[in-house]
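Here are a few exercises to work through with the model open in your viewer. Try each task before you read its solution.

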Amino acid sequence: MFNQGIFQIELMQDHFLTGPDDDENSFFLIKGNLIFVPASPVKIHRIQLKFHGDLTLYKGIQKTQRSLVHHAWSFLDQSRNPSLFTHQTYSYPFELALPCSLPESLEAENAQIEYGFSAIAETSIFQFNFRAEKPVHLSKTLNPVAFNLFNTKAQGVWKDLVSYDVSIPDHYLSPGKVVPVHFHHIPLYRQVHIIGVEVILGEITLYRVPDASDPSNTTTVESRKSVHAVSNYFSCDETEQTIKIRIPKISKRLHLDASSEYVEVSHRLYAKIELEVGGMCTSMITSLPIFIAPDPISKSNHDCVISEILPNYNEITADRPPKYLPITNDLPDYLPTDLPPSYWQ
């Protein structure tokens, strides 16, 4: 097997956290090095590095892609007279300031927003090209005021038949965490019997897609699905019980909460109480909003730099080659499912 040596992208930081108060004049700075250590002498025509951010929408095997940000560097461009690289370390530093207004990275049922670097060193047609990739993750903190909208208790009286109180200890949940959902229900008539309870983790995704011919005109489609459910049925009247439901690990079934102008992913815990009223079965449903995200990121990862313009990039120098020029450029029936997207033709 051909040993190409080392060709990799190294970043000082690959996860960036922006806050709710960051505006269009706020930037975060990505710094890194493109490292090249050929295993043996090799002639190189071009060395290029690109940063890209893309929104991708899927419908079956079809996909539509929109570029959110793009930047490129050229560290070497000698198509006719390639430079000889020997077995030593070549390092090409780079930096890029990006606006904090960029949408955060996300993965949804039929969409994703991804950021990352890709690099290539082109050899002659008789040899392999060197390639490297490095993903970058952007996250946004939720405005503290928005967290006030997350109730941890739902209570009331349903159709004068049952008094209910459903609560959870916290709304901020991480994948893999077990959540105790506490039920307190009191039938208001002798003919009313509680026969069971169920907790359903639901995922709601909103897709906002600009029209191809008129970007100012957007189509919004909502998708709902059941991710996980736990139930408990019993024969005697009980007024209190706790159902434990585990938030699944991140997978194709569960996606983290995220919000952007294009895609929004949110979650709710639906609490269902099954009743028997005069021999007839019925059910009441309430829900609590939750926020699913990894454990809070350290503030030390917040690397936003206030600036009005992109910085000047330093000229890259190395022992060899000579001089390089930069380029500027499935829920139950009561939770309807509407999988997108009807807006693709």
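**Exercise 1: an open sheet**

Strands S13 (residues 162-167) and S15 (residues 178-187) run antiparallel to each other and are paired over six bridges. Keep in mind that this is a predicted model.

Task: Find which residue in S15 stands opposite Ser167, then work out the strand order of the open sheet of four strands.

Solution.
- Step 1. Start at Ser167 and look across to S15: the residue opposite is His182.
- Step 2. Now widen the view to the open sheet, where the four strands come in the order S12-S13-S15-S18, with antiparallel pairing.
- Step 3. Check the edges: S12 (153-158) and S18 (240-246) each have a single partner strand, so one side of each has no neighbour in the sheet.
- Step 4. For the twist, the average is 15 degrees from one strand to the next.

**Exercise 2: a salt bridge between S12 and S13**

Task: Decide whether Asp165 and Lys153 are each buried, partly exposed or exposed, and say how far apart their closest N and O atoms are.

Solution.
- Step 1. The closest N and O atoms of Asp165 and Lys153 are 3.9 Å apart, and the two residues form a salt bridge. The cut-off to hold this against is 4 Å.
- Step 2. Place the partners: Asp165 belongs to strand S13 and Lys153 to strand S12, twelve residues apart.
- Step 3. Asp165 has 14% relative accessibility, so it counts as buried.
- Step 4. Lys153 comes out at 45%, so it is partly exposed.

**Exercise 3: more salt bridges**

Task: How many salt bridges are there, and which parts of the chain do the Asp14-Lys134 and Arg46-Glu122 pairs link?

Solution.
- Step 1. The count is nine salt bridges.
- Step 2. One of them joins the side chains of Asp14 and Lys134, at 3.9 Å from N to O. Asp14 sits in the loop between strand S1 (5-11) and strand S2 (15-18), while Lys134 is in strand S11 (residues 130-140), 120 residues apart.
- Step 3. Both ends are partly exposed: Asp14 has a relative accessible area of 35%, and Lys134 has 27%.
- Step 4. Next, Arg46 and Glu122 meet at 2.9 Å, N to O. This pair links strand S5 (residues 46-59), home of Arg46, to strand S10 (residues 111-122), home of Glu122, with the two positions 76 residues apart.
- Step 5. Arg46 counts as partly exposed at 27% relative accessibility. Add Asp77 and you have a network of salt bridges linking Arg46, Asp77 and Glu122.

**Exercise 4: aromatic pairs**

Task: Are the planes in the Phe36-Tyr90 and Trp73-Phe94 pairs stacked, tilted or edge-to-face?

Solution.
- Step 1. Get the count out of the way: there are 15 aromatic pairs.
- Step 2. In the Phe36-Tyr90 pair the ring centres are 6.2 Å apart and the planes are at 35 degrees, so the pair is tilted. Phe36 comes from strand S3 (residues 26-38) and Tyr90 from strand S8 (residues 90-99), 54 residues apart.
- Step 3. Phe36 and Tyr90 are both buried.
- Step 4. For Trp73 and Phe94, centres 5.6 Å apart and planes at 50 degrees again make a tilted pair. Trp73 is in strand S6 (residues 62-77) and Phe94 in S8, so the pair ties together parts 21 residues apart in sequence.
- Step 5. Trp73 is buried at 5% relative accessibility, and Phe94 is buried at 6%.
- Step 6. Finish with the cluster: Phe7, Phe36, Phe85, Tyr90 and Phe130 belong to one aromatic cluster.

Notes. Residues are numbered from 1 along each chain as its sequence is written. This is a predicted model: local features need pLDDT of at least 70, side-chain atom pairs count only at pLDDT 80 or more; totals for chains, interfaces and linings use all residues. Side-chain values use heavy atoms; hydrogens and water are left out. Rings of Phe, Tyr and Trp (its six-membered ring) pair if their centres lie within 6.5 Å; planes under 30 degrees apart count as stacked, over 60 as edge-to-face and the rest as tilted. Buried means under 20% relative accessible area, exposed over 50%, partly exposed in between (1.4 Å probe, protein chains only). Two strands pair if DSSP finds at least two bridges between them. Axes are lines fitted to C-alpha atoms, for helices over the stretch in contact, and angles run from 0 to 180 degrees between N-to-C directions.
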